[in-house]
Amino acid sequence: MSTYDVVILGGGPGGYNAAIRAGQLGLKAACVEGRATLGGTCLNVGCMPSKALLHASELYDAAMGSEFASLGIEVKPTLNLAQMMKQKDESVTGLTKGIEFLFRKNKVDWIKGWGHIDGPGKVTVTVTDNAGGKTELSAKDIIIATGSEPTPLPGVDIDNKRILDSTGALSLTEVPKHLVVIGAGVIGLELGSVWRRLGAQVTVVEFLDRICPGVDGEAGKTLQRSLSKQGISFKLSSKVTSATSSDTGVQLSVEPAAGGTAEVLEADYVLVAIGRRPYTQGLGLENVGLTTDKRGMLTNKGHRTEAAGVWVIGDVTSGPMLAHKAEDEAMACVEQIVGKAGEVNYDLIPNVIYTKPELASVGKTEEQLKAEGRAFKVGKFPFTANSRAKINHETEGFAKVLADERTDEILGVHLVGPSVSEMIGEYCVAMEFSASAEDIALTCHPHPTRSEALRQAAMNVEGMATQM
Ligand code: FAD
Ligand code: NAD
């Protein structure tokens, strides 16, 4: 039996950050991960490969369509899908090896296998590397960071041949002729965009009457308009009730969400992206008296479960299923284990959809503030009035700042436009310091940059934008 201060189950952004922070703080830490590589969903089959394909497909599309030509760059691109996938896989390998390096640097042991909790402080690992067999670990504290898996859709069985989950859609060997995406959430829009740009016809079927429930309504509508212009078709308020697949394609039966006459959609590939659910399979929760709620989720109070010495972080517990949320919880959880005051500000977790244009937001939406009965002011600035965006011919979208009517404190920020994922951080910092819209309005921003739109939006909270 090997003895540790802390054993972490899962090597994703929650688990690996917890392990590294534990190492930094002088704890003897082991991270148990059953996949062949570290990095979890995010590095292996999530954030990173999807961003690699979004980047490559965006460049291909720009060269293929009128965008490059209008800038005076005449090229005739040819798609080499195998190379596009290879560079994606190589980037992923580089990143996962990077975590191995960080483990060595911080003296974290990677135990290669699937962990099972046998009782308080006791974990058995079914080893997955060449050694095989089982190994026993003991620790004062156990952190569960086992992540999530795709939510299945009854009647539409994922086989990753014709009916895909996100992992399947990240490694197709041909461009679909017609890809039907079920679910207009973040995975559906990002991966739908990838394959649309590479030449597929893409139809997105969404149960609700809007895309990306939860994002600011105006921002969501603007994004949907842009994606529609790019050729993605949306069937909102619709549900898929069954799927029949063959070697060459899939027939889907689609009905209005409220019921009614069904129509048949033919596709060569279908992506099921209706959400993800917590993953706790085979974990032995019962051995420490833990159960999951009706969503399959482990609940927590400040990262502690109800079992003494068992903590939980990341997708497997409540809150948005985002890598940076898992990372923040990892840091806070380990700091609490060593008696420090680790804390996560759940009000300020940014959200980004990496389509073109991107959508990035932090804080409350207009809909949330109205539902809370909170009086607020709105400052908006369109990218059509931003000089850098105009020069670059990337004028879709806007910056919107919501500020408290009385105190001017910034309550929410919603950006749709080019590279807004890189700009939202400014407002995350400002809001951590309880900044007012005036604070941003009075802060000098470099010219010419798209970030000036963020300042102009803040100025417009009091109708003072100078550039529109
Ligand atoms: P995971 O990353 O899921 O890691 C959990 C790990 O635990 C897995 O590797 C699993 O093998 C391992 N495990 C499970 N059970 C055991 C066990 N018993 N023993 C040992 N190991 C075990 N988020 C963003 O913030 N930005 C993005 O751009 C983004 N893009 C995404 C794109 C896609 C296609 C997908 C699917 C997700 C994306 N996400 C994104 C979400 C992000 O991947 C997750 O929020 C993040 O990975 C959660 O981290 P985690 O550590 O909680 O879990
Ligand atoms: P999601 O929750 O973002 O969207 C799922 C969509 O499917 C929703 O719009 C929902 O209304 C719809 N839906 C549900 N059931 C349906 C049905 N039967 N028929 C039609 N539509 C249905 O889920 P996702 O896109 O699968 O992503 C899963 C998680 O991964 C998300 O929580 C997200 O945070 C994370 N993720 C994040 C990023 C990012 O940060 N850029 C990228 C990818 C994934």
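**Helix H7, the core and ligand 1 in a predicted model**

Me: How far is an oxygen atom of ligand 1 from an N or O atom in the side chain of His 324?
Reply: The model is predicted. In it, the side chain of His 324 places an N or O atom within the 3.5 Å limit for a polar contact with ligand 1. The distance to an oxygen atom of ligand 1 is 3.3 Å.

Me: How much of the area of ligand 1 does the protein bury?
Reply: Taken alone, ligand 1 exposes 1000 Å². Of that area, the protein buries 94%.

Me: Which element gives the most residues to the shell around ligand 1?
Reply: The elements that supply two or more residues to this shell include helix H1 (13-24), strand E2 (29-33) and helix H9 (323-337). Helix H2 (40-45) is also among them. With 4 residues, the element that gives the most is H2.

Me: What distance should separate the end C-alpha atoms of helix H7 (residues 186-197)?
Reply: The helix has 12 residues, and the reckoning allows 1.5 Å a residue. The end C-alpha atoms of H7 lie 16 Å apart, which agrees with the expected span of 16 Å.

Me: How many residues of H7 are buried?
Reply: Buried residues have under 20% relative accessible area. Among those of H7 are Gly 188, Glu 190 and Arg 197. H7 is mostly covered, and of its 12 residues the number buried is 9.

Me: Which residues have the most contacts inside the largest nonpolar core?
Reply: This core has 37 residues, and H7 supplies at least two of them. Trp 195 touches residues distant in sequence, including Leu 81, Met 85 and Val 202. Those with the most contacts inside the core are Leu 189 and Trp 195.

Definitions and conventions. Residues are numbered from 1 along each chain as its sequence is written. Chains are lettered from A and ligands numbered from 1 in the order in which they are written. This is a predicted model: local features need pLDDT of at least 70, side-chain atom pairs count only at pLDDT 80 or more; totals for chains, interfaces and linings use all residues. Side-chain values use heavy atoms; hydrogens and water are left out. The expected span of a helix is 1.5 Å times one less than its number of residues. Buried means under 20% relative accessible area, exposed over 50%, partly exposed in between (1.4 Å probe, protein chains only). A nonpolar core is a set of buried Ala, Val, Leu, Ile, Met, Phe, Trp, Tyr and Cys residues joined through side-chain atoms within 4.5 Å. Contact means heavy atoms within 4.5 Å. A polar contact is a pair of N or O atoms within 3.5 Å; within protein, one must be able to donate a hydrogen and the other to accept it, and residues adjacent in sequence count only if both atoms are side-chain atoms. Accessible areas come from the Shrake-Rupley method with a 1.4 Å probe; for residues, only the protein chains shown count as cover.
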